[in-house]
Amino acid sequence: QVKNKAPAEVQITAEQLLREAKERELELLPPPPQQKITDVEELNDYKLRKRKTFEDNIRKNRTVISNWIKYAQWEESLKEIQRARSIYERALDVDYRNVTLWLKYAEMEMKNRQVNHARNIWDRAITTLPRVNQFWYKYTYMEEMLGNVAGSRQVFERWMEWQPEEQAWHSYINFELRYKEVDRAPLLVLVHPDVKNWIKYARFEEKHSYFAHARKVYERAVEFFGEEHMDEHLYVAFAKFEENQKEFERVRVIYKYALDRIPKQEAQNLFKNYTIFEKKFGDRRGIEDIIVSKRRFQYEEEVKANPHNYDAWFDYLRLVESDTDAETVREVYERAIANVPPIQEKRHWKRYIYLWINYALYEELEAKASKRTRQVYQACIELIPHKKFTFAKIWLLYAQFEIRQKNLPFARRALGTSIGKCPKNKLFKGYIELELQLREFDRCRKLYEKFLEFAPENCTSWIKFAELETILGDIDRARAIYELAIGQPRLDMPEVLWKSYIDFEIEQEEYEKTRNLYRRLLQRTQHVKVWISFAQFELSAGREENLSRCRQIYEEANKAMRNCEEKEERVMLLESWRSFEDEFGTDTTKERIDKLMPEKIKKRRKLQAEDGSDAGWEEYYDYIFPEDTANQPNLKLLAMAKLWKKQQQEREAAEMDPDKDIDESQS
């Protein structure tokens with residue numbers, strides 16, 4: 001019993017105990033004393049004790065193979081080969097899958113020159129564990145070192161039946177090559193048909209000057225992989241082989257065949273080697289071909305990344321049109337037009353529709369295929385959603401194509417269909433221009449009537465219709481058309497229409513009707529340019545009384561524009577009147593117009609910002625007309641005030657300088 005249960009002064013933990021034990025393991029124990037054996041009895045006694053130790057270790061743990069190996073190696077060191085074999089056999093009964101055990105067993109037999117025993121062990125090992133390549137390597141090496149080439153070949157053949165990894169096949173091939181047995185070299189590609197193995201096979205044939213066989217190997221490889229599993233490395237190697245054989249045309253065909261079929265992102269090395277080849281052996285055309293191929297690859301990547309990038313398609317199509325056959329161009333066009341814009345809005349279709357236009361023009365101008373051109377136009381017209389929007393350019397190009405093909409009914413039918421489905425100004429204008437070129441004036445009249453029913457506010461159409469009737473000599477119809485036009489409630493350019501009508505009457509020398517037109521126009525608008533044009537018309541009539549008429553119109557205009565808010569327009573009128581009087585007037589009329597000219601003064605006005613706050617002042621010019629001054633007493637009072645202020649300033653200046661007054665009085 002422990003009497004003192006108080007804690008010790010120095011506490012020792014379990015961790016410290018374990019650490020101390022571990023540290024003491026590392027302490028070097030003194031080596032055992034050397035024992036000198038002097039006779040046989042001592043030797044037998046030593047062997048007995050040592051064997052007992054080994055057997056005890058094995059008995060404690062049979063699965064520790066290192067104990068068995070140490071035991072066997074000790075027996076081997078004593079030249080007890082039979083006992084060592086017995087130990088290895090006992091160990092194999094315990095664990096026959098242990099690779100090290102088999103290796104040590106076979107090495108022992110080989111070391112002691114027991115060749116047949118070693119063969120027996122290797123046979124047992126490769127039969128028991130055929131997937132352990134180390135057994136096969138050592139077995140074949142042993143037979144080769146013994147000079148038993150046939151036996152080594154037999155072991156290799158047994159090994160190849162298990163279809164091992166590539167390195168094993170390469171070892172067998174190298175073995176046969178060492179003994180100049182080229183025909184006996186195995187076909188690795190039958191078991192491992194990888195690209196690199198086919199290339200090695202072909203290079204093997206090439207190295208031994210079997211060039212025809214090497215070419216057949218490459219051809220078999222290309223046929224074996226087909227178009228689904230093409231690899232650029234195979235074709236590069238094939239091309240380099242043909243290049244070494246000076247078969248440059250074959251090289252070119254191989255490269256082009258591969259580039260046309262291998263995905264572009266996987267053919268970078270192929271492009272590079274093809275470029276180098278063309279620079280070395282090709283002409284200018286060949287180098288251009290490879291550059292075109294690279295550009296095609298770039299465009300393919302662009303359109304693959306974004307099929308709706310129509311600019312990339314245009315560049316791609318320009319490239320293929322300049323360098324490839326018609327079928328390839330058609331294929332690219334078909335791929336391009338298949339990318340229909342996903343949204344039915346015209347702004348998304350504007351670039352796309354030019355793909356169809358270019359396609360049709362290519363078929364007509366380059367391929368000379370009028371039937372296919374017609375099919376392209378018709379397919380495009382069917383594709384466009386005409387209820388939402390249309391493209392007049394397509395209809396007009398189709399009609400022009402049919403005219404070039406001398407199919408006038410087809411052209412008229414197409415344009416008639418377009419006007420019926422989706423009437424547009426461009427369609428009407430194009431159709432009318434076509435009929436005008438054909439001198440079908442009755443058809444033009446009908447088309448103009450339809451056009452004006454569709455767009456009665458289009459002044460240009462009214463003018464063109466009237467001009468057509470004028471050219472045909474039907475003045476009354478032209479005048480009636482103008483009357484209908486100016487009677488429309490809404491027009492897009494009424495000033496152009498009125499001017500055209502007036503010019504028409506002037507050409508017909510109907511001056512009274514022209515004056516009536518001006519009067520009717522002035523009832524609608526009091527614009528200064530209308531007054532000036534009216535006055536100039538009267539001046540150009542060529543009669544003596546026209547001067548007085550012109551002056552009368554200027555006076556009417558001046559009276560009418562007194563209440564006009566735009567003073568600049570009134571000034572413009574007076575300046576035009578003064579120019580007229582300077583040329584044709586008398587001194588009295590000139591003096592009169594000078595009195596009517598306004599005074600230009602500078603004024604200031606307050607500015608306001610958008611939020612209503614003050615934004616400062618700005619200066620501007622205003623015009624004060626004498627006629628307005630006479631009617632406004634405030635302006636007269638302001639003028640008198642200015643005069644009085646001026647007089648006051650002069651008086652103050654005189655008072656400040658009295659000497660000047662004295663001098664003036666003396667003088």
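**View 1. Burial across the whole protein.** Of the 667 residues in this protein, 38% count as buried. The model shown here is predicted. Its secondary structure amounts to 35 helices and two strands. About 42,300 Å² of surface is accessible, and carbon and sulfur atoms hold 49% of that area. If you take the contacts between residues at least 6 apart in sequence, 47% of them join residues at least 24 apart.

**View 2. Helix H7 from end to end.** Helix H7 covers residues 133–145. Its 13 residues should span 18 Å at 1.5 Å a residue, and the end C-alpha atoms are 18 Å apart, so the two values agree. Just after H7 comes Gly147, which takes a positive phi of about 85 degrees.

**View 3. The buried residues of H7 and their cover.** Which residues of H7 are buried? They are Asn133, Phe135, Trp136, Tyr139, Thr140, Met142, Glu143 and Glu144. It helps to remember that an α-helix has 3.6 residues a turn, so residues three or four places apart point the same way. The cover over the buried residues of H7 includes four helices: H5 (99–111), H6 (115–128), H8 (149–160) and H9 (166–178).

**View 4. Lys47 in helix H2.** Look for Lys47 within helix H2, which runs over residues 40–60. Is this lysine buried or exposed? Lys47 counts as buried because its relative accessibility is 13%, and the cut-off for buried is under 20%. Leaving aside residues up to four places away in sequence, Lys47 touches Trp74, Leu78 and Glu80.

Definitions and conventions:
Residues are numbered from 1 along each chain as its sequence is written. This is a predicted model: local features need pLDDT of at least 70, side-chain atom pairs count only at pLDDT 80 or more; totals for chains, interfaces and linings use all residues. Side-chain values use heavy atoms; hydrogens and water are left out. The expected span of a helix is 1.5 Å times one less than its number of residues. Buried means under 20% relative accessible area, exposed over 50%, partly exposed in between (1.4 Å probe, protein chains only). Contact means heavy atoms within 4.5 Å. Accessible areas come from the Shrake-Rupley method with a 1.4 Å probe; for residues, only the protein chains shown count as cover.
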